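I opened a fresh page today to look around a protein model, one stop at a time. Come along and check each stop in your own viewer.

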Amino acid sequence: MLDYVTDKVQDETRQGEAFAPFANDSNEYRKRFYIESYGCQMNFADSEVVAAILNKEGFGATRNVEEADLIFINTCSIREKAEQTVRKRLTEFKKLKEQKKGMLVGVLGCMAERLKSQFLEEEKLVDIVVGPDAYRTLPALVEEAEGGQKAVNVLLSREETYADISPVRLDSNGVSAFVSIMRGCNNMCSFCVVPFTRGRERSRDAESIIHECKDLFEKGYKEITLLGQNVDSYYFVDEKRKETINFAGLLEKVALISPLLRVRFSTSHPKDITDEVLHTMAKYENICKYIHLPVQSGSTRILQLMNRTYTREWYMAKVDRIREIMPDCGISSDIIAGFCTEEEEDHSATLAIMNYSRYDFSYMFFYSERPGTLAQRRYKDDIPENVKKRRLQEIVDVQNRLSLESNKKDVGKTFKVLIEGDSKKNEMEWKGRNSQNKVIVFPKGDHELKKGDYVNVKVTACTQATLLGTIIN
Ligand code: SAH
Ligand code: SF4
Ligand code: F3S
């Protein structure tokens with residue numbers, strides 16, 4: 001899904017990772033659906049919830065879009081380019097629809113929430129529009145659409161967490177799985193559309209999370225990533241057990257399932273990650289030593305306009321604290337170039353904070369104004385595109401150097417690696433990750449190993465994106 005792409009200038013590192021779900025050749029299904037997902041991991045996780053809801057109704061998934069009776073596209077609104085990609089795909093689906101009578105197309109996710117019935121009315125591109133909190137109503141909406149009605153439900157909820165639904169794992173490697181622990185976001189970062197498309201923050205019942213994780217482990221999964229827009233504000237009151245559970249508590253519960261189950265999480269907001277979380281990470285070997293800690297900008301003035309609620313110094317102190325408690329912890333970031341009013345001085349502060357934080361990896365974007373956001377209403381999108389792109393390139397150049405430096409430091413070290421599968425380029429080699437989330441590729445040799453096994457690998461060389469190594473007995 002999200003892979004290491006630091007060698008390209010990409011505004012859309014998280015986009016266009018389309019996938020088709022599992023194929024099932026039996027004819028027991030009354031209809032076949034095809035689903036394609038864009039955007040963040042939470043959207044991919046939601047598609048697995050959607051697949052479960054449709055499965056229950058007797059709909060089977062297909063990888064072949066031409067074979068589908070229902071096509072769903074789970075969409076992202078985070079940047080303008082993300083929406084353009086989806087629109088392009090929808091016009092392709094429209095052509096397919098014209099060839100196949102009765103085929104229905106549905107828009108799910110954040111774009112559905114943002115544009116609502118506009119899709120049905122103005123553009124006639126689609127038959128069904130469903131926002132992220134309304135997936136339980138999908139079967140009824142399909143029925144309405146089949147009857148020729150406009151089928152739309154974009155109601156946001158304060159409670160929905162799909163806690164009781166066991167997601168159908170789509171295109172999984174059978175080793176790593178994503179588990180949603182919360183939905184929505186209560187932060188109001190001024191550039192961000194997520195609070196509008198995903199609604200208020202709510203935490204999922206801890207017991208249902210643990211249950212899902214245990215079930216995954218029993219099915220052979222070895223790594224779980226707990227997902228939320230802001231995982232550190234997870235907070236659940238378990239009325240039955242008279243217990244309140246914060247993120248550190250949840251992390252510990254998942255870690256205790258088995259020492260053989262790795263635990264990761266994403267995303268941490270720098271303002272909310274606590275010492276308690278850091279100490280919990282340090283305490284358990286199976287909680288991966290890796291934190292995605294998006295800085296967005298290195299300038300306190302810009303951070304204020306972004307409404308990130310921390311300063312440059314505060315962020316740097318957080319990085320220090322992480323390194324103090326876990327000297328071997330990997331840190332990555334998200335960075336936005338060319339936010340409203342950004343001066344060269346602010347941009348330099350971003351480059352400097354990257355160097356200070358020594359990120360192993362970053363997702364880097366140029367600012368894309370989103371309708372309805374605080375920034376769109378309050379500030380002018382006043383940085384010319386060529387300036388945004390030049391600054392982004394400078395950010396990418398710094399990151400490329402930092403990634404290479406970080407990888408070079410690992411040469412000679414030995415890491416415990418979880419094998420995820422064959423390396424893309426060579427089936428005589430395995431690909432896996434270390435605790436710090438770095439990809440390591442190494443020859444299989446004549447060891448009796450399989451996907452999902454742990455193995456000690458000594459790093460012998462590296463590129464900017466990958467560590468290369470050999471198995472140590
Ligand atoms: N909840 C996560 C981020 C979700 S969006 C967090 O708070 O870290 C992923 C990333 O997209 C953000 O971190 C930000 O860097 C980027 N992003 C969000 N809105 C954007 C916009 N309008 N233009 C450019 N990048 C944006
Ligand atoms: Fe968007 Fe900020 Fe919420 Fe992340 S924390 S989803 S960037 S509003
Ligand atoms: Fe995109 Fe929605 Fe995720 S806007 S980044 S799919 S929450």
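My notes below go from confidence to rings, then to a few single residues and a ligand.

**Entry 1: confidence**
I began by reminding myself that this model is predicted. I looked up the pLDDT, and the chain has a mean of 92. I also noted that 94% of its residues reach 70 or more. The stretch I marked with a pencil is residues 1–21, where pLDDT stays under 50. For those residues the model still has 80 contacts beyond four places in sequence.

**Entry 2: aromatic pairs**
How many aromatic pairs does a search of the whole structure find? I counted seven in the result. One of them is formed by Y135 and Y162, and it is stacked, with 5.9 Å centre to centre and 20° between the planes. I then checked where the two rings come from: Y135 is in the loop between β5 and α5, and Y162 in the loop between β6 and β7, 27 residues apart. Are these two tyrosines buried or exposed? Y135 is buried, with a relative accessible area of 0%, and Y162 is buried too, at 2%.

Next I turned to F339 and Y379. Their ring centres are 6.4 Å apart and their planes stand at 80°, so I wrote this pair down as edge-to-face. F339 lies in the loop between β15 and α12, while Y379 lies in the loop between α13 and α14, so the pair ties together parts that are 40 residues apart in sequence. F339 is buried, with a relative accessible area of 0%. I also found F339 and Y379 in one aromatic cluster with F191 and Y367.

**Entry 3: back to Y162**
I returned to Y162 to look at its backbone. Its phi is near 55°, which is a positive value in a residue other than glycine. Which residue in helix α1 is in contact with Y162? I found V49, which lies in helix α1, residues 41–56. V49 and Y162 are 113 residues apart in sequence, yet 7.6 Å apart in space, C-alpha to C-alpha. Leaving aside neighbours within four places in sequence, V49 is in contact with Y162, I165 and P167. V49 is buried, at a relative accessible area of 8%.

**Entry 4: more backbone**
K116 also has a positive phi, near 45°, and is not a glycine. I located K116 in the loop between α3 and α4. K116 counts as partly exposed, because its relative accessibility is 38%. I then looked at the peptide bond from S266 to T267, and it is cis, with omega near 10°. T267 is in the loop between β13 and α9.

**Entry 5: charges over rings**
I looked for charged groups placed over rings. R79 lies over the face of F365, 3.7 Å from the ring centre. The charged end of K444 sits over the ring of W430, at 4.2 Å from its centre.

**Entry 6: helix α12**
T350 lies in helix α12 and is buried, with a relative accessible area of 1%. Beyond its sequence neighbours within four places, its contacts are S297, G298, S299, I335 and I395.

**Entry 7: ligand 2**
Which residues are around ligand 2? I listed C185, N187, C189, F191, C192, V194, P195, Q229, H269 and R308. That shell divides into six nonpolar, three polar and one charged. I recognised F191 here, since I had already met it in the aromatic cluster.

Terms used: Residues are numbered from 1 along each chain as its sequence is written. Chains are lettered from A and ligands numbered from 1 in the order in which they are written. This is a predicted model: local features need pLDDT of at least 70, side-chain atom pairs count only at pLDDT 80 or more; totals for chains, interfaces and linings use all residues. Side-chain values use heavy atoms; hydrogens and water are left out. A residue is near a molecule or strand if one of its heavy atoms lies within 4 Å of it. Ala, Val, Leu, Ile, Met, Phe, Trp, Tyr, Cys and Pro count as nonpolar, Asp, Glu, Lys and Arg as charged, and the others, Gly among them, as polar. Helices (H or I, at least four residues) and strands (E, at least two) are DSSP runs, numbered from the N terminus. Buried means under 20% relative accessible area, exposed over 50%, partly exposed in between (1.4 Å probe, protein chains only). Contact means heavy atoms within 4.5 Å. Rings of Phe, Tyr and Trp (its six-membered ring) pair if their centres lie within 6.5 Å; planes under 30 degrees apart count as stacked, over 60 as edge-to-face and the rest as tilted. A charge sits over a ring if NZ of Lys or CZ of Arg is within 6 Å of the ring centre and within 35 degrees of the ring normal. pLDDT is the predictor's confidence in each residue, from 0 to 100.
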